[in-house]
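Thanks, everyone. I have one structure to go through today, and I will keep to what can be read from the coordinates.

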Amino acid sequence: MARAVPAHNQELSGACSAISQALARNPSTKDAVWESFLHHEWNPWEEWLDITGVDLPSLLFVARSCLRPSIERVAEEQLQTACPDDHWKAGYCPVCGSLPSLISLDGDGRRRAHCSWCGTPWLLARFQCPICDNRHHESLGYLYAEQEPGYRIDYCMKCRYYFKTIDARERLWPPWIPLEEWTTLHLDLVAQRQGWKTPPSPAPAVYDADTSAVPS
């Protein structure tokens, strides 16, 4: 991960250095460091990491990026013995319980969620809020950007959360979800300026988390 970070990006470079130094100083607790992040327990990190002058969002991004390939591999192995599309109706991931990072519309108009943590895709109902499971179309809406017809922001007036949606029917090739997560950051700004809330991760419905205290 450190080799992939541009030298001029001080925030990410500092985060990589902080994690590398912590693992070098505490070789016997290496597994505990990563396990605390997997369990979304943020406070124990302060025992091992010197975060003085370190950008916290960059730190979480680096740690997440280091773990995600392994997490996605495990999710793929789990899906070889299960088919969530046949029975899964919830708004959170059937493998790890996290919320979608993006929603896509395929050629048949089906809504497919893409997990923000393990990358697992699953089907959503045509009208369904992943957060509160609201399925009343009169309280669900969306915002379009006129200059970007292939993108929209789905929102729920009941819980006030939003999700970014990609309309794959407007493209000649399928979207690559990991890249789209970052190339659509401007949609987050649009949604938040309209008063809609960023979805928490992990899903509070599964982990019983306080949404006001969980980093997005």
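I will start with the whole chain, then take one helix pair, the cysteines, and a few loop residues.

Before anything else: this is a predicted model. Every value I quote is computed from that model.

First, the overall picture. The chain has 216 residues, and 40% of them are buried. Its secondary structure amounts to 7 helices and 6 strands. Reading from the N terminus, the order is α-α-α-α-β-β-β-β-β-β-α-α-α. In other words, four helices come before the six strands, and three helices follow them. If you take contacts between residues at least 6 apart in sequence, 52% of those join residues at least 24 apart. The accessible surface is about 12600 Å². Carbon and sulfur atoms account for 52% of that surface.

Now the helix pair. Two packed helices are described by the angle between their axes and the distance between the axes. The pair here is α2, residues 30-38, and α4, residues 56-79. Their axes are 11 Å apart, and the packing angle is about 90°. Angles of 65 to 115 degrees count as roughly perpendicular, and α2 and α4 are therefore roughly perpendicular to each other. Which residues make the contact? On the α2 side they are Trp34, Phe37 and Leu38. On the α4 side they are Leu60, Ala63, Arg64, Cys66, Leu67 and Ile71. Sorted by class, the contact between α2 and α4 has 8 nonpolar residues, 1 charged residue and no polar ones.

Cys66 brings me to the cysteines. How many disulfides does the structure hold? The number is 0. Cys16 is not in a disulfide, and the nearest cysteine sulfur to its own is that of Cys66, at 6.5 Å. Cys16 is buried, because its relative accessibility is 7% and the cut-off for buried is under 20%.

The other case is Cys118. Why is there no bond between Cys118 and Cys93? The closest cysteine sulfur to that of Cys118 is in Cys93, at 3.6 Å, and this is too far for a bond. The cut-off for a disulfide is within 2.5 Å. Cys118 has a relative accessible area of 4%, so it too is buried.

Staying in that part of the chain, Thr120 sits in the loop between β2, residues 111-115, and β3, residues 121-124. Is Thr120 buried or exposed? Thr120 is buried, with a relative accessible area of 2%. Setting aside neighbours within four places in sequence, its contacts include Ala75 and Leu79. Cys93, Pro94 and Val95 are also among the contacts of Thr120, as are Ala113, His114 and Cys115. So Cys93 turns up twice: it holds the closest cysteine sulfur to Cys118, and it is in contact with Thr120.

Next, the backbone. Two residues that are not glycine have a positive phi. One is Asp133, with a phi of about 65°. Asp133 lies in the loop between β3 and β4, and β4 covers residues 140-145. At 38% relative accessibility, Asp133 is partly exposed. The other is Arg160, with a phi of about 75°. Arg160 is in the loop between β5, residues 148-156, and β6, residues 162-167. Its relative accessibility is 34%, so Arg160 counts as partly exposed.

Arg160 also has a partner from further along the chain. Gln194, in the loop between α6, residues 185-193, and α7, residues 204-207, touches Arg160 and Leu143, not counting residues up to four places away in sequence. Gln194 and Leu143 are 51 residues apart in sequence, with 9.8 Å between their C-alpha atoms.

Last, the N-terminal part. Val54 lies in the loop between α3, residues 45-48, and α4. Beyond four places in sequence, Val54 touches Gly14, Ala15, Ala18 and Leu59. Its C-alpha is 9.6 Å from that of Cys16, across 38 residues of sequence. Gln10 lies in helix α1, residues 10-25. Gln10 is exposed, with a relative accessible area of 65%. The C-alpha atoms of Gln10 and Asp55 are 9.2 Å apart, and 45 residues separate the two along the chain.

That is what I have; questions are welcome.

Methods. Residues numbered from 1 in each chain as written. Predicted model: local features only at pLDDT ≥ 70, side-chain atom pairs only at ≥ 80, totals over all residues. Heavy atoms only, no water. Axes fitted to C-alpha atoms, helices over the stretch in contact; angles between N-to-C directions. Helix = DSSP H or I, 4+ residues; strand = E, 2+ residues; numbered from the N terminus. Parallel < 35°, antiparallel > 145°, perpendicular 65-115°, else oblique. Contact = heavy atoms within 4.5 Å. Nonpolar A, V, L, I, M, F, W, Y, C, P; charged D, E, K, R; others polar. Buried < 20%, exposed > 50% of the residue type's maximum accessible area, 1.4 Å probe, protein only. Areas by Shrake-Rupley, 256 points an atom, 1.4 Å probe, with all protein chains shown as cover.
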